[in-house]
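Reader: I have just opened a new structure and would love some help in reading it. Could you walk me through its features?

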Number of protein chains: 2
Amino acid sequence: MIEWKNLDKAAAYGELKQLKDKVCLKEAMAGENGARRAKEYSLPMAAGMTYNYAAKAVDDEVLAALKKLAEEMQLSEKYQALLSGAVINTGEKRLVLHQLTRGQLAGEVIADGVNKREFYVGEQKKAADFAEKVHNGQIVNEKGETFTTAVQIGIGGSDLGPRAIYLALENWAKKNNTFKMEAKFISNVDPDDAAAVLNSIDVSRALFVLVSKSGTTLETLTNESFVKDALKKQGLDPAKHMVAVTSETSPLAKSSDYLGAFFMDDYIGGRYSSSSCVGGVILSLAFGPDVFARFLNGAAEEDRLAMEKDPLKNADMLDALIGVYERNVQGWPSTAVLPYSQALSRFPAHLQQLDMESNGKSVNRDGAPVDYVTGPIIFGEPGTNGQHSFYQLLHQGTDIVPLQFVGYRQNQCGMDVDIQGSTSQQKLCANVAAQIMAFACGKEDANPNKSFAGGRPSSIIIADAVTPETVGALLAHFENKVMFQGFVWNVNSFDQEGVQLGKVLAKRVLAHETDGALKVFSDLLGI
Amino acid sequence: MIEWKNLDKAAAYGELKQLKDKVCLKEAMAGENGARRAKEYSLPMAAGMTYNYAAKAVDDEVLAALKKLAEEMQLSEKYQALLSGAVINTGEKRLVLHQLTRGQLAGEVIADGVNKREFYVGEQKKAADFAEKVHNGQIVNEKGETFTTAVQIGIGGSDLGPRAIYLALENWAKKNNTFKMEAKFISNVDPDDAAAVLNSIDVSRALFVLVSKSGTTLETLTNESFVKDALKKQGLDPAKHMVAVTSETSPLAKSSDYLGAFFMDDYIGGRYSSSSCVGGVILSLAFGPDVFARFLNGAAEEDRLAMEKDPLKNADMLDALIGVYERNVQGWPSTAVLPYSQALSRFPAHLQQLDMESNGKSVNRDGAPVDYVTGPIIFGEPGTNGQHSFYQLLHQGTDIVPLQFVGYRQNQCGMDVDIQGSTSQQKLCANVAAQIMAFACGKEDANPNKSFAGGRPSSIIIADAVTPETVGALLAHFENKVMFQGFVWNVNSFDQEGVQLGKVLAKRVLAHETDGALKVFSDLLGI
């Protein structure tokens, strides 16, 4: 029997709080003890990846307390319930089924009379068939020419995840001869966004993928009209250039305005939808369906590993728990995500949405206010770029920021150069290794301005290379981490009521139904 | 006589601390009082821009206390000293002269026997002449063809600012027929970064701008070699495809490996160098020297406005002071920068470096530890994209995050579409106006999950459009804000000792001179 309760009702949380500042990271990571930790505090992940938490400020006692917390909060049971089709999204009274798009880990999930795994697989198949027809010239433009560019029109979850994954795999696909067509993305209601994309492509050979679950997202519908206008001005028929990714009940679903429609449903939130057709159509068009299938496999394997009940054997759950310790016990309000791969340049932006929109909540899953802090601020840029930017504050600022590194042994393009006795790839890897130790152990100096206090915790996920499988596994890792943290905080990680008020007020501004300061600001902005 | 002292030694700081939670923003921004604030709490900036702080949690009493603090900390006098050539960068014992690249606001600054204003103007002139020769075909490749792409090779301050400005003005320049050539950027030591850029251009018609003040930045020199290799493989002469931006004393300065060299000096830190030749060469190549000159004019005008002694008439200084109130009195550890323009997509990343690398310090300008918090975490993405991402946490999370909006009345491309009675541009502006009020005032709801507590402070900078002048003014505003905050915190905002330790350890890894945990991590990463 699952009991949903607030974190501060957990006896294990009381014990955990006694362990504030338990570990002196600087000492723990020094010498042979540090070497032992670096070897032992490590867990396997999917696709041959490893999660190493040696440089986190935990020890066996803290870990034991985290394990008790995981057991008392029934994290594994709650994940199992989610997989089995429980109504985990309490606010909207919905199932949460994004893991089902990539595998079936519990029994069949039937909702609305439909076997949902079959439904998702069926839509993936549709997307794959469609992409293949585009690639082999069965689906072409009015002049019989093949399409050369795919343009996703979507915002938030319909944009950030698919865009981050596209960028992650673009050069891999080119190197591995699976690159089929360029993808572009239009998201912002700022008309300059759509204008710039349209000015950069041959519109007559572009296929647009309109993504809106509800079919009512104002930014996306506005950009759709913008694009349709542009197509018409070139004498092109928009219906021959556009497909929709939406829910079956949306106004877009049966429209004749599209070449085809691919379906998702209310059981997959936008920020969790990369492995549904929201990511599937554009990524299958760009790289071919096989690459998207490999991405799904990586995610599915990570989802399966996340079922392990013991958090000390479960990287996704342990990462979540250490984050809770850092946030609620140590009191650190933010976390930086730092992938050492240029291919992951927009992955932090996706994780920022995934995490902050999921767990940036002040009420629990029953709608009652909570008395503890929840989701942290997430930010990040790729290393080594970040090293020459905000790392100064991370090393020597007055606040401690927990870090999440991601490192790869190999690059994607296979082009490299040997300078001063090492390759670029070796320099990249040397830097991430060095940073872990610099943050953990610091360095004393007679000049305080050159001193490093150390004691700044980090973990690292290590993989061979950025491939479809490792990208899928990495995405699933963070989705599962966020889910487990939501369970610990007893919040609903799957709704986003916080985005509503702005929408309501914006409509009021556009209708000129404003007074007070809102009217003044509207005037100042020339509306 | 200027007295440099720590913030906690200031009597005015003691008074300010008494004013914690002084303002109930929700009440202050409601009704007619809110309308009055929105009209009155506003200051002019350069290039016709406005800084509006009505939705910040301040009132006349807090503002008066901030003014006293500004006076006691001698912010205006310190800025004047900086402009006059004082050694403000105490750690490295250097003058701080980035404002001098765009105007001379105090007397002549002579350093090392050189009139520095004349030096900077002379280098700008060299860059302008060079760019014009490239544009008019006097400088061409080996085959006599014009160059079509300029590629900046640099990292950190040699990358983020110029890249953000290039993206900000790319579509403006195309629309206004001043677009001369495409610019690309290579920064990361990850070899996939350079490989991807080189694969995307016609290398035979590319001009590379190598940027390293010291001439010893490892990432940049590595990427230079990568590029030279690629040029040679195509039978091209690297010396015919590359210029250097560096200091006169660097090993690059007199090298015959370059078509030419443009100089900066030690008095301009990387993150403040966009208005030097670090930005000047690439931006003059991309948009023409006149556009770069207009950018400098906007910055110069903002620098001049920042000289106003009364902080209640000085947007840069007031923004800084309100930030100190939020950080040190209210205890809020981060700030989000949210430009409502897709053109500013990478401006937050530049500000992240500018702010966090400048003021992420734990020692004062004399090298003694400080007993108060300094620079906050800075992050952000363009609106409306952010609204569909991390705004959930900003609205309903457990922490308060101060916000810095930037809004524009007009778009750049002049293409728009009317949907549901409003244009995209109107929707964009309506959203930022709505967000200010939603954050400030919130909205109660019987369902706590749909309730918004409000009380979340923001300011907004409003301009007509993203133009060379407004981009220059916006950049200078934030540079000056960071400088004034550094004065308040009594830190040296112009060095970055925190980046050194990682470099030292990385070299050790590459030399295989490691033991303990560092050796284990090096092994795990396959070095």
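**Reading the model step by step**

Author: Gladly! Let us start with charge: in chain A, the mean position of the 53 positive charges and that of the 64 negative charges are 1 Å apart. Please keep in mind throughout that this is a predicted model.

Reader: How many helices and strands does chain A have?

Author: Chain A holds 18 helices and 15 strands. Its C-alpha trace spans about 70 × 60 × 55 Å along the principal axes.

Reader: What does the radius of gyration of chain A agree with?

Author: The idea is to set the value beside the one for a compact globule. For 527 residues, such a globule would have a radius of gyration near 24 Å, and chain A has 24 Å, which agrees. Burial can be read next to that: 69% of the 527 residues of chain A count as buried. The accessible surface of chain A is about 16,500 Å², and 48% of it belongs to carbon and sulfur atoms.

Reader: Which share of the contacts in chain A joins residues at least 24 apart?

Author: Here one takes contacts between residues at least 6 apart in sequence; in chain A, 74% of these join residues at least 24 apart.

Reader: There is a chain B too. How is chain B laid on chain A?

Author: A turn of 180°, with a shift of 0.0 Å along the axis, lays chain B on chain A with an RMSD of 0.0 Å. The two copies are therefore related as by a two-fold rotation axis. Both copies use the same surface, as 100% of the contact residues of chain B recur in chain A. To find the axis by eye, look for Phe379(B): of the residues of chain B, its C-alpha comes closest to the rotation axis, at 3.3 Å.

Reader: Now the backbone. Where is a cis peptide bond found in chain A?

Author: Look at the omega angle. Between Gly383(A) and Thr384(A), omega is about 5°, and the peptide bond is cis. Thr384(A) sits in the loop that runs between strand S11 (377-379) and helix H14 (391-396) of chain A. In chain B, a cis peptide bond joins Gly383(B) and Thr384(B), with omega about 10°. Thr384(B) is in the loop between strand S11 (377-379) and helix H14 (391-396) of chain B.

Reader: Which angle should I look at for Ala47(A)?

Author: Look at phi. Ala47(A) is not a glycine, yet its phi is positive, about 55°. You will find Ala47(A) in the loop between strand S1 (42-44) and strand S2 (50-52) of chain A.

Reader: And is Ala47(A) buried or exposed?

Author: In between: with a relative accessible area of 25%, Ala47(A) is partly exposed. Compare Asn490(B), another residue other than glycine with a positive phi, near 60°. Asn490(B) counts as buried, at 1% relative accessibility, and lies in the loop between helix H16 (468-489) and helix H17 (500-510) of chain B.

Reader: Why is helix H5 of chain A largely enclosed?

Author: Start with the general idea: an α-helix has 3.6 residues a turn, so residues three or four places apart point the same way. In helix H5 (residues 75-83) of chain A, 7 of the 9 residues are buried, so the rest of the structure largely encloses this helix. Among the buried ones are Leu75(A), Tyr79(A) and Leu82(A). The buried residues of H5(A) pack against helices H4 (60-72), H11 (289-305), H12 (315-329) and H16 (468-489) of chain A.

Reader: What comes just after H5(A)?

Author: Just after H5(A) you meet Gly85(A), with a positive phi of about 100°.

Definitions and conventions: Residues are numbered from 1 along each chain as its sequence is written. Chains are lettered from A and ligands numbered from 1 in the order in which they are written. This is a predicted model: local features need pLDDT of at least 70, side-chain atom pairs count only at pLDDT 80 or more; totals for chains, interfaces and linings use all residues. Side-chain values use heavy atoms; hydrogens and water are left out. Helices (H or I, at least four residues) and strands (E, at least two) are DSSP runs, numbered from the N terminus. The radius of gyration is taken over C-alpha atoms; the globule rule is 2.2 Å times the number of residues to the power 0.38. Buried means under 20% relative accessible area, exposed over 50%, partly exposed in between (1.4 Å probe, protein chains only). Contact means heavy atoms within 4.5 Å. Accessible areas come from the Shrake-Rupley method with a 1.4 Å probe; for residues, only the protein chains shown count as cover. Lys and Arg count as positive and Asp and Glu as negative; His and the chain ends are not counted. The place of a charge is taken as NZ of Lys, CZ of Arg, CG of Asp or CD of Glu. Copies are superposed by least squares on the C-alpha atoms of residues with pLDDT of at least 70 in both.
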